[in-house]
Number of protein chains: 2
Amino acid sequence: MGVDPGSRFTGWGIIRSDGAESRYVASGCIALPPRRPMGERLTRIYKELGEIARCHRVEEAALETVFVHRNVQSALKLGQARGAALCALVMAGVGEAAEYSPRRVKQAVCGYGGAGKEQVALMVARLLDHDSDFGEDEADGLALSICHAHHLSVARLAARAREASGEAVS
Amino acid sequence: MGVDPGSRFTGWGIIRSDGAESRYVASGCIALPPRRPMGERLTRIYKELGEIARCHRVEEAALETVFVHRNVQSALKLGQARGAALCALVMAGVGEAAEYSPRRVKQAVCGYGGAGKEQVALMVARLLDHDSDFGEDEADGLALSICHAHHLSVARLAARAREASGEAVS
């Protein structure tokens, strides 16, 4: 499951992957009413993400690393949304979320780190063989899940290769 | 209950107040291990604060408003801790936390907004007639709860005054 938390929109996407192939499972966007009190908005992220993760029995999660942001106030708001999302994932039994830089996510999905939002959405739909139009935040969530699945499968292959060479040596 | 969330230490303090008098109930500081993964640390804030609020049947909560911060990365971290705390309070049935500026909290406790950390801790102990030495974060939590209790009692008196004058007019 990839999650892209925000103080207005929290995109999410779930895929099933065996390493070689990734299949689309579900995706969506939690839109927060802008004029409601902060606790209510954050609790909506917390409850909905937790419910989605439990419902789909999510085993792994990934978020984007945040390096820079426009200003301190928006970083604080983004942080609050991330805090709610990270708590939800741990409390739903998913555990720690992996983190990938935006560049790395774009590289995994589009082949290069400078790809635009539309290209990401387009490539996500192609890679998952899914012909619906994904919203921006939804596509970001799915792109994160593809990036994480890719990372896990490469890590597994590398471990197997190390094991095999170890066996050959011993 | 006053809560002062932070990425390292989250201070909290609970008082019981009838408007005229405030009594010390409990206070403490949740220290987060610095080298553990972020989800684990945030979940500790979430779980512990929720448990404390439920255990003491907290009815009202207050946090400090954040205006400025050293830099974007620390604002993001502080935001994450705040997000976990705000979720915990709503999920524990306390509801939305009130917010007060640091100046206003110091004014309510020390009489002027420029008071230092040590003065706040000293005045909190005096106001609550409690002779233990409070830690800085703990004292901040208690100061917030005193400020909120003060605000609520003034608001109640003002409402009563309006009612009384309304009755006199009608």
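Q: A salt bridge takes a side-chain nitrogen of Lys or Arg within 4 Å of a carboxyl oxygen of Asp or Glu. How many salt bridges does the rule find across the interface of chain A and chain B?

A: This is a predicted model, and across its interface of chain A and chain B the count is 0. No side-chain nitrogen of Lys or Arg is therefore counted within 4 Å of a carboxyl oxygen of Asp or Glu on the partner chain.

Q: Then what makes polar contact between chain A and chain B a separate matter, and how many residue pairs are there?

A: The rule finds 11 residue pairs across the interface, both residues at pLDDT 80 or more. They count because a polar contact asks for N or O atoms within 3.5 Å, with a donor and an acceptor.

Q: How do you know which residues of chain A and chain B are in contact, and how many are there?

A: The cut-off is heavy atoms within 4.5 Å. By that test, 27 residues of chain A meet 27 of chain B.

Q: What is the buried area between chain A and chain B, and which atoms is it on?

A: Interface size is often quoted as the accessible area lost when the parts come together. Here the two chains bury about 2,200 Å² between them, and 72% of that is on carbon and sulfur atoms. On the chain A side, A:Val72, A:Leu76 and A:Glu96 lose the most area to chain B, together 22% of what that side buries.

Q: Which helices of chain A supply the side that touches chain B?

A: Helix H1 (38–55) and helix H2 (72–91) of chain A each bring at least two residues. The largest share, 14 residues, is from H2(A). Sorted by class, that side of chain A has 15 nonpolar, 8 polar and 4 charged residues.

Q: How is the packing of H1(A) and H2(A) described?

A: For two packed helices, one gives the angle between the axes and the distance between them. In chain A these axes are 8 Å apart, at an angle of about 35°.

Q: Why is the crossing of H1(A) and H2(A) called right-handed?

A: The name fits because the near helix is turned clockwise from the far one, by less than a right angle. Among the residues that meet here are A:Leu42 and A:Tyr46 in H1(A), and A:Ala81 and A:Cys87 in H2(A). By class, this contact has 11 nonpolar, 2 polar and 1 charged residues.

Q: What is the crossing of H1(B) and H2(B), left-handed or right-handed?

A: Right-handed. The axes of these chain B helices come within 8 Å and cross at roughly 35°. Including B:Arg54 in H1(B) and B:Met91 in H2(B), the contact divides into 11 nonpolar, 2 polar and 1 charged.

Notes: Residues are numbered from 1 along each chain as its sequence is written. Chains are lettered from A and ligands numbered from 1 in the order in which they are written. This is a predicted model: local features need pLDDT of at least 70, side-chain atom pairs count only at pLDDT 80 or more; totals for chains, interfaces and linings use all residues. Side-chain values use heavy atoms; hydrogens and water are left out. Buried area is the accessible area (1.4 Å probe) that two parts lose on being put together, summed over both. A polar contact is a pair of N or O atoms within 3.5 Å; within protein, one must be able to donate a hydrogen and the other to accept it, and residues adjacent in sequence count only if both atoms are side-chain atoms. Helices (H or I, at least four residues) and strands (E, at least two) are DSSP runs, numbered from the N terminus. Ala, Val, Leu, Ile, Met, Phe, Trp, Tyr, Cys and Pro count as nonpolar, Asp, Glu, Lys and Arg as charged, and the others, Gly among them, as polar. Axes are lines fitted to C-alpha atoms, for helices over the stretch in contact, and angles run from 0 to 180 degrees between N-to-C directions.
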